[in-house]
Amino acid sequence: MTHRWLVLAASLAACAPSVLVHPDDDTYRRSLEHFRHVRELVAASTAPDDEQLMFLQADALFRYRFAMPSHSAGSWFAETAAAVTDLPVFESLASSLDLVALRLRTVDGAVQLWETLLQRDPKTPLRALADYQLGWAYRNAIASGFPRDSDRAFDDVAACCKDSPLTSLAAEARRVRWKSQARAAVWSLVPGLGQMYVGHYASGTVRLAIALATTAMIFTPAAIAFERRDELSWHNDWPLLVVGAVGATLLAIDYSSSYQDAMRGVLEYNELREDAFEAAHPDAP
């Protein structure tokens with residue numbers, strides 16, 4: 001049975017639109033322009049070649065940006081299958097069929113590389129630039145275990161390199177409003193609240209309404225069954241089980257999609273504000 005579902009998901013993925021970067025993608029074009037600027041700054045530094053390469057590898061991950069794609073049919077199917085069957089294989093399949101998940105996690109790779117660079121050589125000539133980029137990157141990091149956060153990274157620009165032109169930029173950037181992936185995850189314990197956290201109130205209201213309705217579909221039949229526990233029979237009361245099962249499935253789908261959409265909403269919120277900051281400061285890395 002699982003094999004058939006996997007085949008169906010793969011077939012849906014094959015029918016999806018191309019995932020390649022579109023030639024008219026302005027988001028990707030802007031990311032290339034910023035990467036080119038950072039590459040020039042790195043090349044002008046006196047840092048060893050290995051450190052320059054590590055820095056650029058991290059920056060390429062940080063600047064891995066393109067217009068956010070919509071969910072593919074295969075991804076939606078895999079997410080639904082994961083909710084229905086509770087099999088991890090479908091959760092993994094959903095991620096593999098959808099570039100949104102990859103788009104969300106590249107920042108973690110950038111943070112890992114920049115922090116590794118600074119750990120290996122705390123006095124690298126790229127220190128100020130790395131701290132500055134980390135200040136932005138930490139705002140979209142998801143993985144746990146990193147040694148700092150956004151505010152501390154921005155503060156460390158002045159702490160290590162007071163004469164750097166990035167010091168004043170870091171102080172301004174620190175004041176830019178942003179949203180936290182961790183807080184969005186906590187809010188998403190109730191479907192819809194994560195969307196409201198990032199300002200998507202219409203979507204959040206719909207998702208919350210679905211959660212309330214599906215919760216009622218679970219508990220109402222359970223309450224009726226409990227009241228009639230001495231008279232229950234499969235012949236007469238099977239609709240109670242069906243309604244409860246459908247409600248549980250829809251609630252699981254609502255939970256999963258709401259969480260992923262909230263993570264995506266945080267990324268978009270933060271990047272829009274970063275884009276606005278860079279538009280106001282054309283010389284910013």
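## Overall make-up

Of the 285 residues in the protein chain, 40% are buried. The structure is a predicted model, and its protein chain holds 13 helices and zero strands, so that, because helices and strands are the elements numbered from the N terminus, every name used below for an element is that of a helix. Among the contacts in the protein chain with a separation of 6 or more, 72% are between residues 24 or more positions apart.

## The nonpolar cores

The largest nonpolar core has 36 residues, and those with the most contacts inside it are Phe-55, Trp-114, Tyr-132 and Trp-136. At least two residues of this core come from each of the helices α2 (26-43), α3 (49-62), α6 (99-120), α7 (127-137), α8 (150-160) and α9 (166-174). A second core, separate from the largest one, is made of ten residues, including Ala-184, Tyr-197, Met-263 and Leu-267.

Tyr-132 shows what such a position in the largest core can look like in detail. When its neighbours within four places in sequence are left aside, Tyr-132 is in contact with Phe-154, Val-157, Leu-166, Leu-169, Ala-170 and Ala-173, and also with Phe-277, Ala-284 and Pro-285.

## Helix α7 and its surroundings

Helix α7 is mostly covered, since eleven of its eleven residues are buried. The buried residues of α7 include Arg-127 and Asp-131 as well as Leu-129, Tyr-132, Leu-134 and Trp-136. Around them, the buried residues of α7 pack against α2, α3, α6, α8, α9 and α13 (234-280).

One of these neighbours, α9, is where Ala-171 has its place. Ala-171 counts as partly exposed because its relative accessibility is 35%, and the partly exposed class lies between under 20% for buried and over 50% for exposed. Computed along the sequence, Ala-171 and Phe-154 are 17 residues apart, while in space they are 6.8 Å apart, C-alpha to C-alpha.

## How α3 meets α7

Two packed helices are described by the angle between their axes and the distance between the axes. For α3 and α7, the axes come within 12 Å and cross at roughly 25 degrees. That angle makes α3 roughly parallel to α7, because angles under 35 degrees count as roughly parallel. The crossing in which α3 passes α7 is left-handed.

On the side of α3 the contact is made by Phe-55, Asp-59 and Phe-62, and on the side of α7 by Leu-129, Ala-130, Gln-133, Trp-136 and Ala-137. Sorted by class, the residues of the contact of α3 with α7 are six nonpolar, one polar and one charged.

## Phe-62 and Glu-274

Phe-62 is found in helix α3, and with a relative accessible area of 2% it is buried. Not counting residues up to four places away in sequence, Phe-62 touches Ala-110, Trp-114, Gln-133, Trp-136, Ala-137 and Glu-274. The C-alpha atoms of Phe-62 and Asn-140 are separated by 9.9 Å, although the two residues are 78 residues apart along the chain.

Glu-274, which Phe-62 touches, lies in helix α13. At 1% relative accessibility, Glu-274 counts as buried, and, with residues up to four places away in sequence not counted, Glu-274 touches Phe-62, Arg-63, Arg-65 and Trp-136.

## How α6 meets α13

Helices α6 and α13 pack at an angle of about 55 degrees, with their axes 10 Å apart. That makes α6 oblique to α13, because 55 degrees falls in none of the ranges for roughly parallel, roughly antiparallel or roughly perpendicular. Here, too, α6 passes α13 in a left-handed crossing.

The contact joins Val-100, Arg-103 and Leu-104 of α6 with Met-263, Arg-264, Leu-267 and Glu-271 of α13. Its residues divide into four nonpolar, no polar and three charged.

## Ala-262 in α13

Helix α13 also holds Ala-262, which is buried, with a relative accessible area of 0%. Ala-262 touches Ala-184, Ser-188, Gly-194, Gln-195 and Val-198, not counting residues up to four places away in sequence. Ala-262 and Gly-192 are 70 residues apart in sequence, yet their C-alpha atoms are 8.4 Å apart in space.

Key. Residues numbered from 1 in each chain as written. Predicted model: local features only at pLDDT ≥ 70, side-chain atom pairs only at ≥ 80, totals over all residues. Heavy atoms only, no water. Core = buried A, V, L, I, M, F, W, Y, C linked by side-chain atoms within 4.5 Å. Buried < 20%, exposed > 50% of the residue type's maximum accessible area, 1.4 Å probe, protein only. Helix = DSSP H or I, 4+ residues; strand = E, 2+ residues; numbered from the N terminus. Contact = heavy atoms within 4.5 Å. Axes fitted to C-alpha atoms, helices over the stretch in contact; angles between N-to-C directions. Parallel < 35°, antiparallel > 145°, perpendicular 65-115°, else oblique. Left-handed = near helix turned anticlockwise from the far one by under 90°. Nonpolar A, V, L, I, M, F, W, Y, C, P; charged D, E, K, R; others polar.
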